[in-house]
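Dear colleague,

Please find below the structure I am handing over to you. My notes on it follow directly after.

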Amino acid sequence: MNNTQKNSKVKDLITIGIFNALLIVVFGAIACTIGFFPPILIVLPLILSTIGGLIFMLMITKAPMRGIFIISSALLGLVLFNMAPGGSMFITTLAGGIIGEIIYNVLGRKKFISIALGYASYMLGLALGEYYPFIYMQEEYIELYAKKGSQSLPVAQKCIEIMTPELMIILSILTIITSVLGCLWGRKMLHKHFLKAGIA
């Protein structure tokens with residue numbers, strides 16, 4: 001690898017870091033302002049996947065490097081590590097990012113569909129990380145927030161009451177749809193950037 005390639009890779013990594021920091025700040029701001037209402041917390045992944053689509057699409061036009069989905073999902077997963085028992089949100093978010101990276105590379109890195117489906121996989125991992133503990137790790141979830149003395153414990157308890165396997169499936173499908181819609185919104189808003197990047 002020559003110096004030009006090294007400099008380009010470092011630049012891409014810095015760009016990815018900046019955009020992921022922005023993504024995390026936006027996600028955090030949304031979660032902290034409207035995420036304390038159980039019905040909204042339940043559909044939060046739908047909101048985040050739609051809004052995050054714009055930021056992610058801009059990032060991928062600026063730094064379309066290999067590993068972008070893995071890096072992004074690992075960073076977001078680490079931030080969410082203590083939000084669910086056993087680091088389950090980190091595990092599912094990272095798994096979604098890894099699958100998204102495979103989709104991105106297999107379907108074609110210059111195709112919009114590969115980006116949209118890769119991003120949908122990433123966001124689905126995030127959604128499952130929230131929903132799965134509500135159904136299958138209820139005691140551990142309550143214990144985690146009880147130890148923290150968190151004011152969000154009653155919210156979590158209400159979400160546990162609301163969430164069912166059937167609802168999780170429906171919300172997971174909707175997360176995929178809103179992720180693709182978020183990417184379409186991003187492509188529309190960033191049309192010139194896509195033309196410059198040569199993404200079909």
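In what follows, contact means that heavy atoms lie within 4.5 Å. Please also bear in mind that this is a predicted model.

I begin with M168, which is found in helix α9. Leaving aside neighbours within four places in sequence, M168 is in contact with L128, Y131, Y132, I135, Y136 and M163. M168 counts as buried because its relative accessibility is 12%, and buried means under 20%. With respect to L80, which is 88 residues away along the chain, the C-alpha atom of M168 is separated by 19 Å.

Two of the partners of M168 deserve their own description.

The residue M163 touches I42, Y131, F134, I135, M168 and L171, again not counting residues up to four places away in sequence. The residue I135 lies in helix α6 and, at 15% relative accessibility, counts as buried. Outside the four places on either side in sequence, I135 touches M163, T164, P165 and M168. Between I135 and C159 there are 9.4 Å from C-alpha to C-alpha, with their positions 24 residues apart in sequence.

Helix α9, which spans residues 165-189, also holds S172. This serine counts as buried, with a relative accessibility of 10%. Residues up to four places away in sequence aside, S172 touches L124, L128 and Y131.

I turn next to the nonpolar core. The largest one has 47 residues, and those with the most contacts inside it are F69, Y122, L126, F134 and M163. Which helix gives the most to this core? It is helix α6, residues 112-136, with eleven residues.

The pair formed by helices α4 and α5 is a further point of interest. Helix α4 covers residues 68-79 and helix α5 covers residues 88-107; their axes come within 7 Å and cross at roughly 170°. That angle makes α4 roughly antiparallel to α5, since angles over 145 degrees are counted in that way. On the α4 side, the residues that meet α5 are I68, F69, I70, S73, A74, L76, G77 and L78. On the α5 side, they are F90, T93, L94, G97, I98, G100, E101 and Y104. Sorted by class, this contact has ten nonpolar, five polar and one charged residues. F69, named here in α4, is also one of the residues with the most contacts inside the largest nonpolar core.

After α5 comes a loop that leads to α6, and G108 has its place there. With 19% relative accessibility, G108 counts as buried, the cut-off being under 20%. Residues up to four places away in sequence not counted, G108 touches I103 and S114. G108 and L22 are 86 residues apart in sequence, and their C-alpha atoms are 26 Å apart in space.

Finally, how are the buried residues of helix α8 arranged around its axis? Helix α8 runs over residues 153-162, and its buried residues are L153, V155, A156, C159 and I160. They cover an arc of only 155° around the axis, which puts them on the same side of α8. On the other side of the helix, P154 and E161 are exposed. C159, one of the buried residues of α8, is the residue whose C-alpha distance to I135 was given above as 9.4 Å.

With kind regards

Definitions and conventions: Residues numbered from 1 in each chain as written. Predicted model: local features only at pLDDT ≥ 70, side-chain atom pairs only at ≥ 80, totals over all residues. Heavy atoms only, no water. Axes fitted to C-alpha atoms, helices over the stretch in contact; angles between N-to-C directions. Helix = DSSP H or I, 4+ residues; strand = E, 2+ residues; numbered from the N terminus. Parallel < 35°, antiparallel > 145°, perpendicular 65-115°, else oblique. Nonpolar A, V, L, I, M, F, W, Y, C, P; charged D, E, K, R; others polar. Buried < 20%, exposed > 50% of the residue type's maximum accessible area, 1.4 Å probe, protein only. Arc of directions from axis to C-beta. Core = buried A, V, L, I, M, F, W, Y, C linked by side-chain atoms within 4.5 Å.
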